[in-house]
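The following exercises are meant to be worked through with the structure in view. Each task is followed by a solution in steps.

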Amino acid sequence: MFAVHYDQPANRVRMSVQGHFTPDDVQRLSDAVTAAVAQAKQHGDDFDVLVESPAFPVQAQDVAALLAGIMERGMPLTTGRAAVVVGSHLSLMQARRTLLHPRLQAFLSPGEAQAWLAGSNPD
């Protein structure tokens, strides 16, 4: 359903998610993200986040709102960027509608996400 870890060489919190989530699943994901972010912050506040979700379908409205809450709580903890890779145009539209932050972008292509994360941090 999900995996979350801090990739120290890349200085990046990496997440992969798939399937339909329930609110309880979102809480478990949030707990895993909190742990990975705490590990990343031991190395500074400038880490990036990469969410790989090509097999993550459009979620129910309540779940999408809870997922957006993870982003809202997490983005102030880093000065880096966040990229979300989705698997469909419909998922891209949902991500762009619900995950609103100036340092977060959603992509259909993993290569585009990687290139964006490699760019200089916006300010």
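**Exercise 1: The sheet and its pairing**

Strand β3 (residues 48-55) pairs with β4 in the parallel sense, over 5 bridges. The model is a predicted one.

Task. State which residues of β4 are the bridge partners of E52 and S53, and give the order of the strands in the sheet.

Solution.
1. E52 has V85 as its bridge partner in β4.
2. For S53, the bridge partner in β4 is V86.
3. The sheet is open and has 5 strands, in the order β1-β2-β3-β4-β5, with mixed pairing.
4. β1 (2-7) and β5 each have a single partner strand and stand at the edges, so one side of each lacks a neighbour in the sheet.
5. From one strand to the next, the twist averages 15°.
6. Helix α1 (residues 23-41) lies across β1 and β2 (12-18) and runs at about 10° to β1.

**Exercise 2: The surroundings of β4**

Task. Determine how many residues of β4 are buried and which way each of them points.

Solution.
1. Buried is taken as under 20% relative accessible area.
2. In β4, 5 of the 5 residues are buried, so the strand is largely enclosed by the rest of the structure.
3. In a regular strand the side chains alternate between the two faces of the sheet.
4. Accordingly, A82, V84 and V86 point one way from β4, while A83 and V85 point the other way.

**Exercise 3: The two sides of α3**

Task. Identify the buried and the exposed residues of helix α3, and name elements that cover the buried ones.

Solution.
1. The buried residues of α3 (residues 89-98) are S91, L92, Q94, A95 and T98.
2. Seen down the helix axis, these buried residues fall within an arc of 165°, so they line one face of α3.
3. An α-helix has 3.6 residues a turn, so residues three or four places apart point the same way.
4. On the face turned away from the buried side, α3 carries the exposed residues H89, L90 and M93.
5. The cover over the buried residues of α3 includes α2 (61-74), β4 (82-86) and β5 (104-107).

**Exercise 4: The cavity**

Task. Find how many cavities of 30 Å³ or more there are, and describe the lining of the largest cavity.

Solution.
1. The count is 1 cavity of 30 Å³ or more.
2. The volume of the largest cavity is about 480 Å³.
3. Its lining consists of 29 residues, of which V51, L67, M71, V84 and L99 lie nearest the centre of the cavity.
4. At least two lining residues come from each of β2, α1, β3, α2, β4 and α3.
5. The largest share, 6 residues, comes from α2.

Conventions: Residues are numbered from 1 along each chain as its sequence is written. This is a predicted model: local features need pLDDT of at least 70, side-chain atom pairs count only at pLDDT 80 or more; totals for chains, interfaces and linings use all residues. Side-chain values use heavy atoms; hydrogens and water are left out. Buried means under 20% relative accessible area, exposed over 50%, partly exposed in between (1.4 Å probe, protein chains only). Helices (H or I, at least four residues) and strands (E, at least two) are DSSP runs, numbered from the N terminus. The arc is that of the directions from the helix axis to the C-beta atoms. Contact means heavy atoms within 4.5 Å. Two strands pair if DSSP finds at least two bridges between them. Axes are lines fitted to C-alpha atoms, for helices over the stretch in contact, and angles run from 0 to 180 degrees between N-to-C directions. On a 1 Å grid over the protein atoms alone, a cavity is a set of points where a 1.4 Å probe fits but cannot get out, and a pocket is an open set with protein on both sides within 12 Å along at least five of seven lines; lining residues have an atom within 4 Å of a point. Grid points are joined across faces, edges and corners, and a volume is the space filled by probe spheres set on the points.
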